[in-house]
Amino acid sequence: MSIVEVEEVSKIYHQGKMTFKALDDVSLAVDKGEFIALAGPSGSGKTTLLNLVGGLDLPDSGKVVLDGNDYSKMGDGQRADLRLERLGFVFQSYNLIPVLTAAENVEYILRLQNVEKAERIERVQSILDEVGLQEKHNSRPDELSGGQQQRVAVARAIVSNPAVVLADEPTANLDSKTGEKLLEMMRVMNEKRQVTFIFATHDKMVMDFARRIVSLHDGKVAGDQKKDE
Amino acid sequence: MGDYLLAWRNIWRNPRRSVLTILAIVFASGLLVFMLSFQFGAYEDMIDSSVRLSTGHLQIQAKGYQNRPEMHKVIKNPDRLLGKVAALDGVDAVTVRSEAFALAAGARRSRGIMVSGVRPDVERRISSLPGQIRKGRYLRDGDVNVAVIGALGAERLQIDIGDECTLIGQGRDGSVAATVVRIAGIFKTGIDEFDRTTMQIPLSDFNSIFSMEGGAHRIVITTKALADDRPVAAAVRMMGEASGLTVLTWDEMTPGLRQSIELDLIGGIIMYVILVIVVAFSILNTFFMAIFERTREFGVLMAIGTKPFRLVKIMLLESLAMTCVGLLTGMILGTAVTLLFSYYGIGMGESSELMAQYGIADRLYPRLSPLSIIIGPAIISVVTFITALIPALKIVHMRPVAALRG
């Protein structure tokens, strides 16, 4: 069964009198445990598709279903709850909360989930150790390198045991070596935890790591390649 | 790391801006504590001076006497009321006064003067006048044909201690009232009009000179506290002995004083409103900037599942924390400064002559009270909360995708 189902989705942006069709009748099914890259040039619609899968935005037509939940039938609050419980996000610019330490950034999501303090501490320590930041629990984001910040972001995305992690250009601000290490780490998590990873990227290295590449062009699916096949 | 700690740390993202905002709150709340204490203290002084010097907190008079004082408008048997009024809760002291206009003549000059008959023993308790004798002494029980006069009146009549002064007026029954009194004391209250036109003689002398036949013009009551005036007035009005008489409170007898206090208060309120608006704009600026700078962060927080109202709560906690720090510091500083000046007083400089017209001393003493400490900071806290709420509510309408774009 698919963890993500995108059915005949279209999305149009309006800017003044101009309209721009970001997605045009896109359909996509992602199975649990996949490591998939949405690839394409700028303006191809990959970030728009990622936002729709994440429930951050709604399509103009078609429907998006996450783990059996149809976004079109849910209110803003319900979609926020679903994101909290079933999704993790990794952004291009890390987007950590600057006033919180690495551990507190990771812990924040567990607080939102009302996880008990003892369990929070244990899970935060465990995940930060897993991403190789044993010595950096109490460091603020401005005391961390870009790679370290992105690892904290991955830890924050994964700590709540989501079904799907959505990563928008996660390696764009990293050098190739750091980016590669990050991708290796994410692939290990994917295999170990069976978490589905969906990347929006035009980075060739991410595509090399992905086991399935969905190519988008001008808002349409131009190709869907599974490497295993 | 709860929402409280997050809010607290957010405040210190931009320390300079937060410190300036907090300082604005400190300044406004401290100034309000001091100014309100100063104003309330000055008003109390003004009322107390006026009450102690002339009117008392309450008076019982014959109907119509207040607007048109005439000799024949008397309280016929004042002693019947005195005892009952004195026994009322909240009453500090009660006395009887009568007054008549007379021509006063010294050795060389004559002038019109208001002669007031008083009971010296009670006046010492009820009035501040005995304490304002600058020369000679105040009246005593048993004094006969003795008077005290205001300094300006004595100057105009060119009389001094020990001099004789002839009084000619009209008695209650229309007969000619005439006597000679010897000046025992000269007072100076600082109220020119009072010092120029007032002479006091013992009530027993007054009654016989002006043929009062046991009647009196005023029963003067002072209460233990200013706030007791209305309840005591109501209780007196209920007395059968007071039927046909009028009970007046200090503000009904001196409407000019009440109006000047109201006018001053309105002027003060306008200044305070401007002050609070300045603080409100400071808070508004801080929070609009904070929201503008953190829009992307709010987008991230909403993306990971934070609900907008939780973000609003964090913003309001930030406002609350800054307001609390500012208000507490302001209240402590304002209270300390007020206490300092309530001990040493504030010299009024060139305004002291003007203040003297209201019977106020040349130094004013702020008076700290729970009301003067709380009212200003309470208004600031409400205004800052509402001011912070306006930008904070923008978060509710934020869409995560738009916010993520910054």
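Contact here means that heavy atoms lie within 4.5 Å of each other. In this predicted model, such contacts in chain B between residues at least 6 apart in sequence join residues at least 24 apart in 78% of cases. For chain A, the corresponding share among contacts between residues at least 6 apart is 68%.

The overall dimensions of the two chains were examined next. Chain A has 229 residues, and its radius of gyration of 17 Å agrees with the value near 17 Å expected for a compact globule of that length. The C-alpha trace of chain A spans about 50 × 40 × 40 Å along its principal axes. Its secondary structure consists of 7 helices and 10 strands, and 56% of the residues in chain A are buried. For chain B, with 406 residues, the radius of gyration is 31 Å, whereas a compact globule would have a value near 22 Å. The principal axes of the C-alpha trace of chain B extend over about 100 × 45 × 30 Å. Chain B contains 14 helices and 12 strands, and buried residues account for 52% of the chain.

In chain A, four strands form an open sheet in the order β2-β1-β4-β5, with antiparallel pairing. Strands β2 and β5 (69-70) of chain A stand at the edges with a single partner strand each, so one side of each has no neighbour in the sheet. Within this order, strand β1 (residues 2-15) of chain A pairs with strand β4 (residues 61-66) of chain A in the antiparallel sense, over 5 bridges. A:V6 is placed opposite A:V64 of β4(A). In general, strands of a sheet pair through backbone hydrogen bonds, in either a parallel or an antiparallel sense.

The search for enclosed space gave 1 cavity of 30 Å³ or more. The largest cavity holds about 30 Å³ of space. Its lining is formed by A:V4, A:L28, A:V30, A:L38, A:L49, A:V53 and A:I198. Two elements of chain A, β2 (18-31) and α1 (46-53), each give two or more residues to this lining. By class, the lining of the largest cavity comprises 7 nonpolar residues, with no polar and no charged ones.

Both senses of strand pairing occur around strand β3 (residues 110-118) of chain B. Strand β2 (residues 91-105) of chain B pairs with β3(B) in the antiparallel sense over 8 bridges, and a hairpin through 4 residues joins β2(B) to β3(B). With strand β8 (residues 198-202) of chain B, β3(B) pairs in the parallel sense over 5 bridges. B:G117 of β3(B) is the bridge partner of B:S98, and B:G117 also stands opposite B:I201 in β8(B).

The largest pocket contains about 930 Å³ of space. It is lined by 30 residues, of which B:S54, B:T55, B:F194, B:T198 and B:R218 are the closest to its centre. The elements of chain B that give two or more residues to the lining are α2, β1 (58-62), β2, β3, α6 (192-197) and β8. The strands β2(B), β3(B) and β8(B) of the pairings described above are thus among the contributors to the pocket lining. The lining of the largest pocket divides into 12 nonpolar, 13 polar and 5 charged residues.

Two further sites in chain B were considered in terms of burial. Helix α1 (residues 3-11) of chain B has as its buried residues B:D3, B:L6, B:A7, B:R9, B:N10 and B:I11. These buried residues pack against α2 (15-55), α10 (255-303) and α11 (308-344) of chain B, and also against α3 (102-112) of chain A. An α-helix has 3.6 residues a turn, so residues three or four places apart point the same way.

The second site is B:S211, which is located in the loop between α7 (203-209) and β9 (218-223) of chain B. The relative accessible area of B:S211 is 18%, and B:S211 is therefore buried, as the cut-off for burial is under 20%. When residues up to four places away in sequence are not counted, B:S211 touches B:R172, B:D173, B:S175 and B:F206.

Terms used: Residues are numbered from 1 along each chain as its sequence is written. Chains are lettered from A and ligands numbered from 1 in the order in which they are written. This is a predicted model: local features need pLDDT of at least 70, side-chain atom pairs count only at pLDDT 80 or more; totals for chains, interfaces and linings use all residues. Side-chain values use heavy atoms; hydrogens and water are left out. On a 1 Å grid over the protein atoms alone, a cavity is a set of points where a 1.4 Å probe fits but cannot get out, and a pocket is an open set with protein on both sides within 12 Å along at least five of seven lines; lining residues have an atom within 4 Å of a point. Grid points are joined across faces, edges and corners, and a volume is the space filled by probe spheres set on the points. Ala, Val, Leu, Ile, Met, Phe, Trp, Tyr, Cys and Pro count as nonpolar, Asp, Glu, Lys and Arg as charged, and the others, Gly among them, as polar. Two strands pair if DSSP finds at least two bridges between them. The radius of gyration is taken over C-alpha atoms; the globule rule is 2.2 Å times the number of residues to the power 0.38. Buried means under 20% relative accessible area, exposed over 50%, partly exposed in between (1.4 Å probe, protein chains only).
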